[in-house]
Amino acid sequence: MQRAAHTALYDWSQIVGPATIRQCLKCKAPARQSSRAYGVIPAPRDTDEREMLHRILRVDHAGEYGANRIYAGQMAVLGRSRTGPLIQEMWDQEKKHLEKFNEILAENRVRPTALLPLWNIAGFVLGASTALLGKEGAMACTVAVEESISEHYNSQIRALMEKDPERYTELLQIIKEFRDDEMDHHDTGLEHDAETLPGYWLLKNAIQLGCKAAIYVSQRV
Amino acid sequence: MAALLRGLRAGRAIRGLGSVVAAPTATTPQCRSLRRSFHCAALRLQDESKSDKPPSSSSTTYHEHYQAHTTEQYTTAASQGDSASDPAAEEASRPNTSYQDQSGEQGEEYETEEQLQARILTAALEFVPQHGWSMEAIAAGAETLGLSSASTGMFYNGAGDLVLHFIAQCNSQLTEILAEQHKQVQLGQAEPKKTADFLRDAVETRLRMYIPYIETWPQAMSILLLPHNIPDSLKHLSTLVDDIWYYAGDRSTDMNWYTKRAALTGIYNTTELVMVQDSSPDFQDTWNFLDNRIQDVVNMASTAKQVQSTGEAVVQGLMGAAVTLKNLTGVNQRR
């Protein structure tokens, strides 16, 4: 029994040994990452950095929460129409984003914004009211919101890159991934006749103004 | 015989030489103590000038080392001041400080102003039962550390600084205890407590830290209510409540975050108020009050949940009724 275990271990080490050595020679920077204990954001060095990171996470969480509610509103009106499945697909991606941010906030003990109930109602009302304008209305709303969010993520990426790209690699990765998803939604909206809506320009700018105000406020409250 | 006489004369000459050497340093006792106090003042100035320099890399504190070193300096000064060679004493103890400066190892000896203030305030706590939360307590604390009572000039907020320091200390003690318990649970060496029990134990542990100062605690509470102290005391209260909920397992990221902390803040503040006028043995009335308040919150939470599920059921019922009505009136038919 012992001999069997011994030979099993011996075989295993034979298999694992050279492969792992080759792996370790290939990868150059695992040591630093493993010392960071699998967190998305690095442990803040001082209160200023902590404030900055918490603000970023708080507003991103609020953004994803609002986007969720907008799609929920759109689904409530257009759920049973032809565009239902399309909206559902985009909504599912937003749900994943929100889940990820919930995880990050809980892990890092970030305070969520106190305006969440407001974004809950406002998002739902925005989604439902634009969906009442028909499929083009819903798509126009999607285009406007996703454009705002992408712009916002881009400015966050710029800020983090300016500060210290290596320190914030994981956070940058996540924000870039989410920004790419939001750009996809934006393009989907354009593909599905968002611009054919009468008053498109007015609606788009109004929604974008509202998003800017929401972002400004959520960073602070 | 002649050799003996010669030896005696040589011995007298040597003793004479010795007295000649000792003459400049042989002083009256008063002069010696004056020189020693100048020497001590000079050392203190040196220390303070070092602490005024901008902080170097290390933020770690070497309190014990620093304290041991200063007491060592004073004891060497004291012991060698009594001997007949004061200059030698000054030279022997001064190399301790100049040597550090020259070697550039500032981290070992160096202490920031905040660390010094923290040390003074911690020392002042034992005089609080006697002098209350006031500058006198801080002055007494400074004196036990060997500093002059004029060092209270560092504290612009005075009693407020002392109370806030004490509260911060209690909070960090509580966080340590909670982290230790958390580790025990994660290692499987302890059972996780239910939320209500955990909250009760955490608040009780934290309030028990006030027991040695309970006589003067009303004064401390009124100091915390002064307008210039309110932001700091609120900050400490919010970090306390956040820590307790975090270790109780709260990971919510919605409005629950706010409602839970608000509830616990209410419980903590009211229990504190009950505690300062509680005269039962071991504050048993306070802990009973705490139990009841936590029970209230738990009941309210379960009532809220019940209301929500009832509401949902009602809405579903109404929707069903509306659909039935639409069917009955034929509105739902496709024409």
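The buried residues of helix 8 of chain B pack against helix 6, helix 7 (128-131) and helix 9 of chain B. Here, buried means under 20% relative accessible area, with exposed over 50% and partly exposed in between (1.4 Å probe, protein chains only). Helices (H or I, at least four residues) and strands (E, at least two) are DSSP runs, numbered from the N terminus.

This is a predicted model: local features need pLDDT of at least 70, side-chain atom pairs count only at pLDDT 80 or more, and totals for chains, interfaces and linings use all residues. Residues are numbered from 1 along each chain as its sequence is written, chains are lettered from A and ligands numbered from 1 in the order in which they are written, and side-chain values use heavy atoms, with hydrogens and water left out.

**Helix 8 of chain B and the loop after it**

The buried residues of helix 8 are Ala137(B), Ile138(B), Ala139(B), Ala140(B), Gly141(B) and Ala142(B). Gly146(B) follows the helix, and its phi is positive, near 85 degrees. Leu147(B) sits in the loop between helix 8 (135-144) and helix 9 (159-186) of chain B. Is Leu147(B) buried or exposed? Leu147(B) counts as buried, because its relative accessibility is 19%. Leaving out residues up to four places away in sequence, Leu147(B) touches Leu116(B), Ile120(B) and Ala142(B). Contact means heavy atoms within 4.5 Å. Val314(B) is 167 residues from Leu147(B) along the chain, and their C-alpha atoms are separated by 72 Å.

**The nonpolar cores**

A nonpolar core is a set of buried Ala, Val, Leu, Ile, Met, Phe, Trp, Tyr and Cys residues joined through side-chain atoms within 4.5 Å. The largest one has 54 residues. Those with the most contacts inside it are Ile120(B), Trp133(B), Leu162(B), Phe166(B), Tyr210(B), Trp217(B) and Ile244(B). Several elements of chain B give two or more residues to this core, including helix 6 (113-124), helix 10 (195-208), helix 11 (217-224) and helix 14 (284-329). Helix 9 of chain B gives the largest share, nine residues.

Trp133(B) has a long list of partners beyond four places in sequence. Among them are Leu125(B), Val128(B), Leu162(B), Phe166(B), Tyr213(B), Trp217(B) and Ile223(B). Apart from this core lies another, of 27 residues, among them Val40(A), Ala67(A), Leu171(A) and Ile207(A).

**Chain A**

Chain A has eight helices and zero strands. Buried residues make up 43% of its 221 residues. Of the contacts in chain A with a separation of 6 or more, 82% are between residues 24 or more positions apart.

Three residues of chain A are set out below.

| Residue | Place in chain A | Relative accessible area | State |
|---|---|---|---|
| Ser150(A) | helix 6 (residues 135-163) | 2% | buried |
| Lys135(A) | helix 6 | 23% | partly exposed |
| Val40(A) | loop between helix 2 (30-34) and helix 3 (47-78) | 11% | buried |

The contacts that follow leave aside neighbours up to four places away in sequence. Ser150(A) touches Arg179(A), Glu182(A) and Met183(A). Val40(A) is in contact with Lys100(A), Ile104(A), Glu107(A), Glu170(A), Leu171(A) and Ile174(A). The C-alpha atoms of Val40(A) and Thr113(A), 73 residues apart along the chain, are separated by 20 Å.

Lys135(A) touches Leu78(A), Thr83(A), His192(A) and Asp193(A). Its side chain and that of Asp193(A) are joined by a polar contact of 3.4 Å. A polar contact is a pair of N or O atoms within 3.5 Å; within protein, one must be able to donate a hydrogen and the other to accept it, and residues adjacent in sequence count only if both atoms are side-chain atoms. Lys135(A) and Ser81(A) are 54 residues apart along the chain, with C-alpha atoms separated by 8.9 Å.

**Where the chains meet**

How many residues does each chain bring to the contact? Chain B gives nine residues and chain A gives twelve residues. The two chains bury about 940 Å² between them, 62% of it on carbon and sulfur atoms. Buried area is the accessible area (1.4 Å probe) that two parts lose on being put together, summed over both.

Two salt bridges cross the interface. A salt bridge is a side-chain nitrogen of Lys or Arg within 4 Å of a carboxyl oxygen of Asp or Glu. One salt bridge joins the side chains of Asp243(B) and Arg109(A), at 2.5 Å from N to O. Six residue pairs are in polar contact across the interface, both residues at pLDDT 80 or more. On the side of chain B that touches chain A, helix 12 (230-247) and helix 13 (255-276) each supply at least two residues.
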